[in-house]
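This report invites the reader to study a protein chain through its strands, its ring pairs, its internal space and its backbone angles. Please keep the sequence and the structure in view while reading.

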Amino acid sequence: MRSYRLTSSPGQALGAAALLALAAAAPALAADDGADRNFTIEDPRITESSGLAASRAHPGIYWTHNDSDDGPYVFAVDSRTGKTVATITMKGVGQPRDVEGISIGPDGDVYVGDIGDNLNGSWDHVWIYRFPEPKVLKDATVRATQFDVKYADGPRNAEALMVHPKTGRVYIASKNEEGGGLYEGPAKLDAGADNVFRRVGEVPWVTDGAFSPDGKELVLRSYFSARGYVFADGRLGKDHAVDSPLLPQSESVTFTADGSALMYGSEGERSDVVRVDLEESGDGGGGAAHRAGGAKDTGGGEGVPMKGTPLTGGIVLAAFGLVLFLGRRRRRR
């Protein structure tokens, strides 16, 4: 993080304070009516927000869901207030086991990934649920289509579900501390047969992912870092570090609907969603890999912006472990 020093000169101090005030106010002017800024999820029912998707039909609305053992529920949260404005109950599906990801396709449908497997391969299949994004935001029960999913190389744990915004193809990134895989689904999901996902790329430890609105970039995040990949013809290209905030349990990421920023979420009661702006690089490219520029909006949330790398993550994890260890020693005395 960049640091600032205020001198003892009253004039300089006043000028610096004015500049800081203007810098703090600028992000608020960048978005209409306060939408798509940092916010806190206020709904007491949402304690394990494990996926995040920016609405295509309703500006400033973000879809999320709880992790395991919650039921077939999806919540629409208004980023202006942090309050839930619609609860969708899916019918026509089985009992969800471990819902980990959510994405919106070019067809305007919401895709929900019941793809978690904490025993790392104990279930021979997982599920994807799909329903049309409601035109009106209100509590409703909707009929969802259920798709059975299998992996060509056997069962595995996964937490990231991404629907390509142009082709509509569904991708899943598996979660493995030694490195996971990017899996590509069939061109069209079939509700009457097994949908076999095939490994098409290698990825690091992943807790969520998202395509840029133009489909040219894929961002994958972990607990302590994020990377952007050039994405073309269904394959991963050059990758770059992407700024990401330090959150208590970093579980989700999505692009804003206009592609100008990434929104990072976390699990927990009253969890924060933190915006990280993406700056144009001037090279003509689009998406996070070309525009990883810095966290300009850090007010109102608990996230600490940082450039994501696996090394950074390891250092932070070690620091957390040391703090916990010292705290326990103090309590024992």
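The following sections describe selected features of this structure, which is a predicted model.

## The open sheet

One sheet in the model is open and consists of five strands, in the order E2-E3-E4-E5-E9, with mixed pairing. Strand E2 (51–54) and strand E9 (140–143) stand at its edges; each has a single partner strand, so one side of each is left without a neighbour in the sheet. From one strand to the next, the twist averages 25°.

Within this sheet, strand E4 (residues 73–78) and strand E5 (residues 84–91) run antiparallel and are joined by five bridges. One position can be located in the display: Phe75 stands opposite Thr87 in E5.

## Strand E16 and its two partners

Is strand E16 mostly covered or mostly uncovered? The strand, which spans residues 217–221, is mostly covered, and five of its five residues are buried. The cover extends to both faces of E16. Glu217, Val219 and Arg221 are buried on one side, while Leu218 and Leu220 are buried on the other.

Strand E16 pairs with strand E15 (residues 208–211) through four bridges, and these two strands run antiparallel. Phe211 stands opposite Leu218 in this pairing. The hairpin of E15 and E16 has five residues between the strands, and in this hairpin Gly215 takes a positive phi near 75°.

Strand E16 also pairs with strand E17 (residues 226–232); five bridges join them, and the two run antiparallel. Here Glu217 stands opposite Val230 in E17. E16 and E17 likewise form a hairpin, with four residues between them.

## Aromatic pairs

How many aromatic pairs does a search of the whole structure find? The search finds six aromatic pairs. Two pairs that share Phe231 are set out in the table.

| Ring pair | Distance between centres | Angle between planes | Arrangement |
|---|---|---|---|
| Tyr171 and Phe231 | 5.4 Å | 85° | edge-to-face |
| Phe211 and Phe231 | 4.9 Å | 70° | edge-to-face |

Why is the pair of Tyr171 and Phe231 edge-to-face? Planes over 60 degrees apart count as edge-to-face, and the planes of this pair stand at 85°, so the pair falls into that class. This pair links distant parts of the chain, with Tyr171 in strand E12 (residues 170–174) and Phe231 in strand E17, 60 residues apart. Tyr171 counts as buried because its relative accessibility is 3%, and Phe231 counts as buried because its relative accessibility is 5%.

The planes of the rings of Phe211 and Phe231 stand at 70°, so this pair is edge-to-face as well. Phe211 lies in strand E15 and Phe231 in strand E17, so the pair ties together parts that are 20 residues apart in sequence. Both Phe211 and Phe231 are buried. Ring pairs thus link Tyr171, Phe211 and Phe231 into a cluster.

## The internal cavity

Rolling a probe the size of a water molecule over the atoms shows where empty space is left. The structure holds one cavity of 30 Å³ or more. The volume of the largest cavity is about 40 Å³.

Which residues line the largest cavity? Its lining is formed by His65, Asn66, Asp70, Gly71, Pro72, Tyr73, Met90, Pro96, Val99 and Val112. Sorted by class, this lining has six nonpolar, three polar and one charged residues.

## Two residues with positive phi

Most residues other than glycine have a negative phi. Asp36 is not a glycine, yet its phi is positive, at about 65°. Asp36 lies in the loop between helix H1 (10–30) and strand E1 (39–40).

Asp233 also has a positive phi, of about 55°, although it is not a glycine. Asp233 is placed in the loop between E17 and strand E18 (235–246).

Is Asp36 buried or exposed? The cut-off for buried is under 20% relative accessible area; Asp36 has 19% relative accessibility and therefore counts as buried. Is Asp233 buried or exposed? The cut-off for exposed is over 50%; Asp233 has 80% relative accessibility and therefore counts as exposed.

Conventions. Residues numbered from 1 in each chain as written. Predicted model: local features only at pLDDT ≥ 70, side-chain atom pairs only at ≥ 80, totals over all residues. Heavy atoms only, no water. Pairing = 2+ DSSP bridges. Axes fitted to C-alpha atoms, helices over the stretch in contact; angles between N-to-C directions. Buried < 20%, exposed > 50% of the residue type's maximum accessible area, 1.4 Å probe, protein only. 1 Å grid on protein atoms, 1.4 Å probe; cavity = no way out; pocket = protein on both sides within 12 Å on 5 of 7 lines; lining within 4 Å. Points joined across faces, edges and corners; volume = space filled by probe spheres on them. Nonpolar A, V, L, I, M, F, W, Y, C, P; charged D, E, K, R; others polar. Phe/Tyr/Trp six-rings, centres within 6.5 Å; stacked < 30°, edge-to-face > 60°.
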